[in-house]
Amino acid sequence: MSAGRVKQAFPLPGRRWWTGLPPAAGAAVMAPGILSVGLHLTGFEALSLAALALATALWLVLAADFTTRLLSDRGRFEAEADTPAALTAVAATTVLGTRISQLGWQGPAVALLVLAAALWPGLLIAVVRHWKRRVPGAAFLVCVATQGLAVLAATLAAALRHDWLARAALAAFCLGLLLYAVALVRFDFREVLRGAGDHWVAGGALAISALAASKLTASPVWTGSAHTALRTATLVTLALSLCWYVLLLGAELRRWRPHYDIRRWATVFPLGMTATACLSAAGPTGVGWLSPLGEVLLWIAVGAWLLTFVALVATTSRRPPPDAVRGT
């Protein structure tokens, strides 16, 4: 192995360990972030705050890495900005902002919305321009990032009572559905059986769409036929996301993939998002049984996070120390 290859695989003493993280690491922020939202909705505040603290710490690490690449390694930054995983920067920021808004910290939440909205168009255009004929599940991040903006905007609209934010959220919601359809047409359905984890985003994108729709349904801005249409959209997108859930779970059981891959964090996020969407939709839609279903799915998501974390620790512990690698 060359010295350059060694440095990329195993950071040497004195090297900043966070400079080699791939864009897909953003899903590791999204997973505890959405679990924090779900745990808050079910009253487990201490666990919710612990998950939020973890998500915030990881977000700060990735933000530092993102800024470093932007300022000092533009070649790598431009190369990675073309990949769908780059949109986790937007999605993670909106998920974190949503939870922070629930704490009543509207100023920081607004700042995160502004940051996400500033990053979104450039990354979205770069990703879509480099799409191939067949794309993996990560391609649905074009929908997730857009719906993340809708969720955070709708959350802030309710907290700050700004109707224009609710209308902006509706526009982002509609665009997110359109982007989902475009990604679905190009999706390589063979990924359902052979994907490394990000294929779950196909269902998670619909789950976050349902979450956005539920927040819009709960808004007093929409009444009459508009409210009815949003309620219908919430139930339809949620039902479709649950269908994806069953399909993807069946595929996992049929073709077991126990090895750790960083894209497995993109499995945990849809699990948590589906649970949170059920919890959020129960009230605005008047479908009460969605709440207990969401609680069950939430603990499944928590279990998946723990399993993924254990797999990460086990994989890391099996790596040879840097001195051993340099000696090869």
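## A tour of the empty spaces

Start by selecting Ile34, Val37, Thr94, Val95, Thr98, Gly148, Val151, Ile208, Leu211 and Met273: together they line the largest cavity. Keep in mind as you look around that this is a predicted model. The space these residues enclose has a volume of about 60 Å³. Rolling a probe the size of a water molecule over the atoms shows where empty space is left.

Now colour the helices around that cavity. Helix H2 (27–41), helix H5 (88–102), H7 and helix H10 (201–218) each supply at least two residues of its lining. Which helix has the largest share of the lining? That is H5, with three residues. By class, you will find seven nonpolar and three polar residues in the lining of the largest cavity, and no charged ones.

Stay with one of these helices for a moment and select H7, residues 141–160. How far apart should the ends of its 20 residues be? At 1.5 Å a residue, H7 should span 28 Å, and its end C-alpha atoms are indeed 28 Å apart, so the two values agree. Switch on a surface next: H7 is mostly covered, with 17 of its 20 residues buried. Then step just past the helix to Arg161, which follows H7 and has a positive phi, near 60 degrees.

The structure holds two cavities of 30 Å³ or more, so let's visit the other one. Select Trp200, Gly203, Gly204, Ser241, Trp244, Tyr245, Leu248, Pro270 and Thr274, which line the second largest cavity. H10, H11 and H12 are the elements that give two or more residues to this lining. H11 gives the most, with four residues. The space inside is about 30 Å³. Its lining divides into five nonpolar and four polar residues, again with no charged ones.

For the last stop, turn to the second largest pocket, which has a volume of about 480 Å³. Of the 19 residues that line this pocket, select the ones closest to its centre: Trp256, Arg264, Ala304, Leu307 and Thr308. Helix H11 (224–254), helix H12 (265–285) and helix H13 (290–318) are the elements that give two or more residues to the lining of the pocket. Which helix gives the most here? Select H13, which contributes six residues. Colour the pocket lining by class to finish: 12 residues are nonpolar, four are polar and three are charged.

Conventions. Residues numbered from 1 in each chain as written. Predicted model: local features only at pLDDT ≥ 70, side-chain atom pairs only at ≥ 80, totals over all residues. Heavy atoms only, no water. 1 Å grid on protein atoms, 1.4 Å probe; cavity = no way out; pocket = protein on both sides within 12 Å on 5 of 7 lines; lining within 4 Å. Points joined across faces, edges and corners; volume = space filled by probe spheres on them. Nonpolar A, V, L, I, M, F, W, Y, C, P; charged D, E, K, R; others polar. Expected span 1.5 Å × (residues − 1). Buried < 20%, exposed > 50% of the residue type's maximum accessible area, 1.4 Å probe, protein only.
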